[in-house]
Amino acid sequence: MSLQALRGRELKPPLRPVRPRPASLREALQVTPLAAQRAIPRFPVNPETRAFYRRFYPGTSTVEWNDWRWQIRSRIRALDDLARIFMLSDDERAAVERHKGALPVGITPYYASLMGLDDPREPLRRTHIMTGGEYVRSPGEADDPLGEDHDTVVPGLVHRYPDRVLFLTTGTCSTYCRYCTRARVVGNPGGEYQFSTRQWEKALSYLEAHTEVRDVLLSGGDPLTIGDDKLDWLLGRLRAIKHIEFLRIGTKIPVVLPQRITKDFVKILRKHHPLWMSIHVTHPAELTDEVTESTARLADAGIPLGSQTVLLKDINDSPAVMVPLMQGLLKRRVRPYYLYQCDPIRGSAHFRTNVEKGLEIIASLRGHTTGYATPMFCVDAPGGGGKIQLAPDPVVGREGDDLLLRNFEGRVYRYPDPGGTLGRK
Ligand code: SF4
């Protein structure tokens, strides 16, 4: 099907959802004109980022800078690349030199432009440049703390909850977060596992046979690193399965590689509604003009956007950071959804806070700002127990028929609750 034909179909959306079975992958990949693949739309560049790329990537045109494929090709991956841009501490240098295996360094030039070049304590830099803390094993840590491997039914498909599955579509990310829950599988050197039709086909066959599955979360790695045609094909195959009611994509790309959200790409996504997206955000320093644009394009395409944030020690573990982050997301039509306690992956103790810290942050948001700005705070239970939500307890006690409740300012109020037992010691 030509790109023109696809556009024509979007201009006249069917009244009822139609789920034609897509062409074979081979056909889907052969028809997109090369010129369309190379089309690079205009994109904003914030002033600090522009100064960065002129300094470190002289001779790079704005068109190249805004080409997401150029950003992926130009990722900062080796010690030399890092040292050319960052003033590395001895700790960072030694940790990068020592690293082997999965979860390599990988930073898009765009995302590097948001980081502190001279300060190893700068929050975004801490999340992406490894330090010696990664090599310290602490009690309770594991390579697969959530027990995903145990619930894997075919390669790349995790079926833990009754009606939904996690589909790990790729092992590649545009940037590698040092606290990644899937540190064991993402970014294997020489084998960032590539698009594999055979693996996807096995997962699709499983889903076709399991009629109880109504919700598929595509994750990885980052599904948005997959090319337009391949992702279009995969989403089409999933939407062609009648019992799958909707799809979700978990991604960090709108924040670390916002240029990937091209106008042509959102046209593809729109074809596969109902489609939701969870965007991984960490810090208000990420909320640039570029991210305003990427989230606007997605929201304008009718994709409900939610956020997920990992609580990280000395990075975002304070109301002074979290409040503007959550408010900034709302301004960009992203609903703060999850705040996660950091999973105990191997070598993550330097990132983890006590659980009380998350409760303090929720208390600093609840009642003090828009209700929509308060995410759910969750611990993903080690061993495969699933997400467990935690919230500050407002119940003070009970006096007779009155339930005593504490409000956001710490004042206690009575609610008439005859016959209730809540709050009774
Ligand atoms: S983008 Fe997601 S999957 Fe990739 S390294 Fe970061 S947390 Fe892990």
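**Entry 1: Leu-103**

I began with Leu-103 in this predicted model, and I asked whether Leu-103 is buried or exposed. I found 24 C-beta neighbours inside 10 Å of Leu-103, and since a residue counts as buried from 20 or more such atoms, Leu-103 is buried. I then placed Leu-103 in the loop between α8 (90–98) and α9 (109–112). The backbone there caught my attention, as Leu-103 has a positive phi of about 50 degrees although it is not a glycine. I noted for myself that most residues other than glycine have a negative phi.

**Entry 2: Asp-314**

I looked next at Asp-314, which is also not a glycine and has a positive phi, here of about 60 degrees. Asp-314 sits in the loop between β7 and α16 (319–331). I checked its surroundings and found 12 other C-beta atoms within 10 Å, and because 12 or fewer is the limit for an exposed residue, Asp-314 counts as exposed.

**Entry 3: Ser-174**

I turned to Ser-174, which I located in the loop between β3 (164–168) and α11 (197–209). Ser-174 has 24 other C-beta atoms within 10 Å and is therefore buried. Which residues is Ser-174 in contact with, leaving aside its neighbours within four places in sequence? I listed Ile-72, Thr-108, Asp-222, Thr-225, Ile-253, Val-256 and Leu-257. I also looked up the distance from Ser-174 to Gly-187, which is 13 residues apart from it along the chain, and the C-alpha atoms of the two are separated by 9.5 Å.

**Entry 4: around the ligand**

I wrote down the residues that surround the ligand, and they are Cys-173, Tyr-176, Cys-177, Cys-180, Arg-182, Val-186, Gly-220, Gly-221, Asp-222, Lys-252 and His-280. I sorted this shell by residue type and obtained five nonpolar, three polar and three charged residues. Asp-222, which is one of the residues around the ligand, is also among the contacts of Ser-174.

**Entry 5: two cis peptide bonds**

I recalled that most peptide bonds are trans, and then I looked at two that are not. One cis peptide bond joins Gly-220 and Gly-221, with omega about 20 degrees, and both of these residues belong to the ligand's surroundings. Gly-221 lies in the loop between β4 (215–219) and α12 (228–239). Another cis peptide bond joins His-273 and Pro-274, with omega about 0 degrees, and Pro-274 is found in the loop between α14 (263–270) and β6.

**Entry 6: the sheet of ten strands**

I counted 17 helices and 13 strands in the protein chain, and I followed one open sheet of ten strands, whose order is β1-β2-β3-β4-β5-β6-β7-β8-β9-β10 and whose pairing is mixed. At its edges stand β1 (152–154) and β10, each of which pairs on one side only.

I traced some of the pairs within this sheet. Strand β6 (residues 275–280) runs parallel to β7 (residues 305–311), with four bridges between them, and I saw Ile-279 opposite Ser-307 of β7. Strand β8 (residues 334–341) and strand β9 (residues 376–381) are also parallel and are joined by three bridges; Tyr-340 has Cys-378 of β9 as its bridge partner. Together with helix α17 (residues 355–365), β8 and β9 form a right-handed β-α-β unit.

On the other pairing of β9, I found five bridges to strand β10 (residues 386–390), this time in the antiparallel sense. Cys-378 appears here again, standing opposite Gln-389 in β10. The hairpin of β9 and β10 has four residues between the strands, and within it Gly-383 takes a positive phi near 90 degrees.

**Entry 7: the sheet of three strands**

I then followed an open sheet of three strands in the order β11-β12-β13, with antiparallel pairing. Why is one side of β11 and of β13 left without a neighbour in the sheet? I reasoned that β11 (395–399) and β13 (412–416) stand at the edges and each has a single partner strand, so one side of each stays unpaired. From one strand to the next, the twist averages 25 degrees. Between β11 and β12 (residues 402–406) I found four bridges, and Gly-397 has Leu-404 in β12 as its bridge partner.

**Entry 8: the chain as a whole**

I closed with two totals for the protein chain. Of its 425 residues, 36% count as buried. Among contacts with a separation of 6 or more, 78% are between residues 24 or more positions apart.

Notes: Residues are numbered from 1 along each chain as its sequence is written. This is a predicted model: local features need pLDDT of at least 70, side-chain atom pairs count only at pLDDT 80 or more; totals for chains, interfaces and linings use all residues. A residue is near a molecule or strand if its C-beta atom, placed from the backbone, lies within 6 Å of it. Ala, Val, Leu, Ile, Met, Phe, Trp, Tyr, Cys and Pro count as nonpolar, Asp, Glu, Lys and Arg as charged, and the others, Gly among them, as polar. Two strands pair if DSSP finds at least two bridges between them. Helices (H or I, at least four residues) and strands (E, at least two) are DSSP runs, numbered from the N terminus. Axes are lines fitted to C-alpha atoms, for helices over the stretch in contact, and angles run from 0 to 180 degrees between N-to-C directions. Two residues are in contact if their C-beta atoms, placed from the backbone, lie within 7 Å. A crossover is right-handed if, with the strands pointing away from the viewer, the path from the first strand over the helix to the second runs clockwise.
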